[in-house]
Amino acid sequence: MEHNITPHKGVGELTFGMPVEQIVSLMGEPTEVESIYNASDEPTTVLHYKEEGLTLFCEGENPVLACIDIANEDVTLFGEEIFDMTEKEIVRLMVANKYYEQDVDVEDWGERRVAFGEANIDFFFEAGELMSVVIGR
């Protein structure tokens with residue numbers, strides 16, 4: 001499967017709004033499935049694809065893809081392999097693609113998060129190395 005991130009759309013053939021059944025048809029059975037509730041008490045089905053380095057969050061009574069957590073070094077963004085890039089290089093890439101506003105903070109667990117709200121994408125770094133990317137619709 002192609003692992004190109006497209007802001008507000010998804011990753012490769014995984015597109016936001018896709019129902020769980022379509023995801024499983026495309027990806028196969030997940031390694032693990034969880035059922036959780038988000039902050040607004042909405043049910044969320046979490047599909048873990050460990051070999052693909054993907055965690056998919058599907059929200060609603062009839063769950064559809066709403067968020068993707070990516071820890072796959074083959075992923076690209078705007079044609080660039082971002083897991084080979086530094087934080088500064090990723091920020092430059094986002095700015096070059098007209099995503100200017102960013103928010104930077106350190107999470108309770110220690111990772112540095114660089115968020116681009118207008119793209120609905122967060123980059124998580126540990127010791128200067130990109131660990132994961134979270135993208136939402």
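**Two open sheets and the contacts around them**

Let's start with Phe 78, which counts as partly exposed because its relative accessibility is 28%. The scale behind that label runs like this: under 20% relative accessible area is buried, over 50% is exposed and anything in between is partly exposed, using a 1.4 Å probe and protein chains only. Before going on, bear in mind that this is a predicted model, where local features need pLDDT of at least 70, side-chain atom pairs count only at pLDDT 80 or more, and totals for chains, interfaces and linings use all residues. Residues are numbered from 1 along each chain as its sequence is written, and side-chain values use heavy atoms, with hydrogens and water left out.

Phe 78 sits in the loop between strands S8 (76-77) and S9 (80-81). Helices (H or I, at least four residues) and strands (E, at least two) are DSSP runs, numbered from the N terminus. S8 and S9 run antiparallel, joined by two bridges, with Leu 77 having Glu 80 as its bridge partner in S9. Two strands count as paired if DSSP finds at least two bridges between them. Zoom out a little and you find an open sheet of five strands, ordered S3-S2-S1-S8-S9, with mixed pairing. S3 (14-15) and S9 are its edges; each has a single partner strand, so one side of each has no neighbour in the sheet.

Now for the aromatic rings, of which the structure holds three pairs. Phe 78 and Tyr 99 form a stacked pair, because their ring centres are 6.2 Å apart and their planes meet at 25°. The rule takes rings of Phe, Tyr and Trp (its six-membered ring) with centres within 6.5 Å, and calls planes under 30 degrees apart stacked, over 60 edge-to-face and the rest tilted. Tyr 99 comes from the loop between helix H2 (87-96) and strand S10 (103-106), so the pair ties together parts that are 21 residues apart in sequence. While Phe 78 is partly exposed, Tyr 99 counts as buried at 16% relative accessibility.

S10 leads us to the other sheet, an open one of eight strands in the order S4-S5-S6-S7-S13-S12-S11-S10, paired antiparallel. Here S4 (32-37) and S10 take the edge positions with a single partner strand each, so one side of each is left without a neighbour in the sheet. From one strand to the next, the twist averages 20°. Axes for such angles are lines fitted to C-alpha atoms, for helices over the stretch in contact, and the angles run from 0 to 180 degrees between N-to-C directions.

Follow that order and you come to S5 (residues 43-49) and S6 (residues 54-59), an antiparallel pair with six bridges, where Val 46 stands opposite Phe 57. Helix H1 (residues 20-27) lies across S5, S6 and S7, running at about 5° to S5.

Next along is S13 (residues 129-136), which is largely enclosed by the rest of the structure because six of its eight residues are buried. On one flank S13 pairs antiparallel with S7 (residues 64-70) over four bridges, and Ile 68 has Ile 135 as its partner. S13 also pairs antiparallel with S12 (residues 121-126), over six bridges. S12 and S13 make a hairpin with two residues between them, and Ala 127 in the turn has a positive phi of about 50°.

Ser 132 is a good place to pause in S13. Its bridge partner is Phe 124, and it is buried, with a relative accessible area of 10%. Setting aside neighbours within four places in sequence, its contacts (heavy atoms within 4.5 Å) include Asp 69, Phe 83 and Asp 122.

Finally, the charged side chains. Counting a side-chain nitrogen of Lys or Arg within 4 Å of a carboxyl oxygen of Asp or Glu as a salt bridge, there are six. In one of them, Glu 87 meets Arg 112, with the closest N and O atoms 2.8 Å apart. Glu 87 belongs to H2 and Arg 112 to S11 (residues 112-116), so this pair ties together parts that are 25 residues apart in sequence.

Arg 113, buried at 14% relative accessibility, forms a salt bridge with Asp 103 at 3.6 Å, N to O. That links S11 to S10, with the two residues 10 apart. Arg 113 also meets Asp 105, at 3.0 Å. Through shared partners, Asp 103, Asp 105, Glu 107, Arg 113 and Asp 122 join into one network.
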